[in-house]
Each structure stands twice: as structure tokens, then as C-alpha cells.
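Dear colleague,

I am passing on the structure below, and I would be grateful if you would look through it alongside the notes that follow.

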Amino acid sequence: MVDIDTLRARLPHLGLAVYAYQPLGQITLELHVDGKVYTFEAQTFEDCLRAAGLLDIATEAPAIDQGGSPGSPIPNVFD
């Protein structure tokens, strides 16, 4: 399962919006980066993350920085 709080901690440079207006309809994921909005739609939040190329980041074990502290942010995937 994907935890949005973990995703936000790992990608602090992204603004995230996740919504589903229609019952049982598509999920929409919006990524807000440097004034640009990238939109992905799919049947599940996980599929939206996969389409955005963020599923591995959202589900992998926490990163360790050179100082050895867990939970270090992952570089911007849009750079």
C-alpha cells in the first residue's frame, strides 16, 4: 500500500493533489512542480503513481544519506 505522507516526505519539492470526483471513477493525481502541473489518471492511486514514474519511490525502503540518517529526501524526478 502507498502512504501519501511517506511520499510527501520523500519528495518535498512536489505539490500533490489526489482526487476522485465520480464514485468508482478514475483517480486523478496532480503533481505541482515549479509552477507546472502534471496530471495522471488511472483506476487506482497506485496506477497513477506508476504512470508518473513515482511508484518505486513511494514504495521503496527509506533512503540513507551520507550521514547515515534514515528518510532522506530523494532527488527531484522532474530535474
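A residue is called exposed here when its relative accessible area is over 50%, and buried when that area is under 20%. Please keep in mind that this is a predicted model.

By that cut-off D34, at 69% relative accessibility, counts as exposed. D34 lies in the loop between β2 and β3, and although D34 is not a glycine, its phi is positive, at about 50 degrees. The hairpin to which this loop belongs has two residues between its strands, while β2 and β3 themselves pair in the antiparallel sense over seven bridges, with T28 standing opposite E41 in β3.

L24 also has a positive phi, near 60 degrees, without being a glycine. L24 sits in the loop between β1 (15-19) and β2, and because its relative accessibility is 87%, L24 counts as exposed. As background, most residues other than glycine have a negative phi.

Turning to the interior, the largest nonpolar core comprises 18 residues, of which L7, L29, L31, L49 and L54 touch the most other members. At least two residues of this core come from each of β2 (27-33), β3 (36-42), α2 (45-52) and α3 (55-59). When neighbours within four places in sequence are set aside, L7 is in contact with L16, F45, L49, I57 and A58. In soluble globular proteins, nonpolar side chains tend to be buried together.

With best wishes

Terms used:
Residues numbered from 1 in each chain as written. Predicted model: local features only at pLDDT ≥ 70, side-chain atom pairs only at ≥ 80, totals over all residues. Heavy atoms only, no water. Core = buried A, V, L, I, M, F, W, Y, C linked by side-chain atoms within 4.5 Å. Buried < 20%, exposed > 50% of the residue type's maximum accessible area, 1.4 Å probe, protein only. Helix = DSSP H or I, 4+ residues; strand = E, 2+ residues; numbered from the N terminus. Contact = heavy atoms within 4.5 Å. Pairing = 2+ DSSP bridges.
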